[in-house]
Amino acid sequence: MTFNDIFKSSFLEKMNSVSLLDMVVAMVLAFALGLFIFFIYKKTFAGVMYSSTFGVTLIAMSMVSTLLILAVSSNVILSLGMVGALSIVRFRTPIKEPLDIAFLFWAIAVGIVLAAGMIPLAVFGSLVIGAVMYLFANKQSHINPYIVVLRCENHDSETQALEFLKQNTEKMVIKSKTAQAGRIELNTEIRLKSDNTDFINILASMSGVNSVALVSYNGDYMG
């Protein structure tokens, strides 16, 4: 065995398995499409608290997926080892918004498709998905449900307040009710007729109403 034979199977020979041009093009496109996904996520976000770190995570997921698939596609043995390594990874961060899962899969899919060399599919698919997300997820704020936390003194003030809510909202549903001596607390889900919330001020000033709170509601009621 000669000196050259010793290094024929070394990792140095694998440095040329993926060309430098392919790496640069794939990573630049992954960053650009990840930035596009981040832009769509920011424009269509409808949750209670916006997290900028999740948007940065979408960009990172696109680039990491591209890097991973480029490595796996160049070596069959590495691909088998990578499957085993990824099978022990556990993600503990909870996903609060169901739509966030779609953005995560979108970012991962873009990285995989780019690394596979299907650049037109990645670009065209991202444009189509982005347009669908923007049209259907970017709804007006008054369409989204809200929770009204209402505290009244007695049954008469409760009836009057609920009737007022029915007249000034598109839809009203009682979610929970707590009654104590001299105090009644109601949690109602409402849908606004418009973006105007001045009726909450009028409701708070009504006789027998102690306090009113309007809270954005993500649709998952726990009662």
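Here are a few questions and answers on a predicted model, covering its aromatic pairs and one hairpin.

Me: How many aromatic pairs does the structure hold, and what kind do Y41 and F103 form?
Reply: The structure holds 4 aromatic pairs. For Y41 and F103, the ring centres sit 5.3 Å apart and the planes meet at 80 degrees. Planes over 60 degrees apart count as edge-to-face, so with its 80 degrees this pair is edge-to-face.

Me: How many residues apart in sequence are the parts that the Y41 and F103 pair ties together?
Reply: Y41 belongs to helix α2 (residues 20-44), while F103 belongs to helix α5 (residues 98-115). The pair therefore links parts of the chain whose separation in sequence is 62 residues.

Me: Is F103 buried or exposed?
Reply: Anything under 20% relative accessible area counts as buried. F103 comes in at 1%, so its label is buried.

Me: What kind of aromatic pair do F103 and W106 form?
Reply: Both lie in helix α5, 3 residues apart, which is about one turn of the helix. Their ring centres are 5.9 Å apart, with 35 degrees between the planes. That angle is neither under 30 degrees nor over 60, so the F103 and W106 pair counts as tilted.

Me: Which residue takes a positive phi in the hairpin of β2 and β3?
Reply: Strands β2 (residues 169-180) and β3 (residues 183-192) pair in the antiparallel sense over 10 bridges, and K177 stands opposite L186 in β3. The hairpin has 2 residues between the strands. The one with a positive phi, near 75 degrees, is G182.

How values were computed. Residues numbered from 1 in each chain as written. Predicted model: local features only at pLDDT ≥ 70, side-chain atom pairs only at ≥ 80, totals over all residues. Heavy atoms only, no water. Pairing = 2+ DSSP bridges. Helix = DSSP H or I, 4+ residues; strand = E, 2+ residues; numbered from the N terminus. Phe/Tyr/Trp six-rings, centres within 6.5 Å; stacked < 30°, edge-to-face > 60°. Buried < 20%, exposed > 50% of the residue type's maximum accessible area, 1.4 Å probe, protein only.
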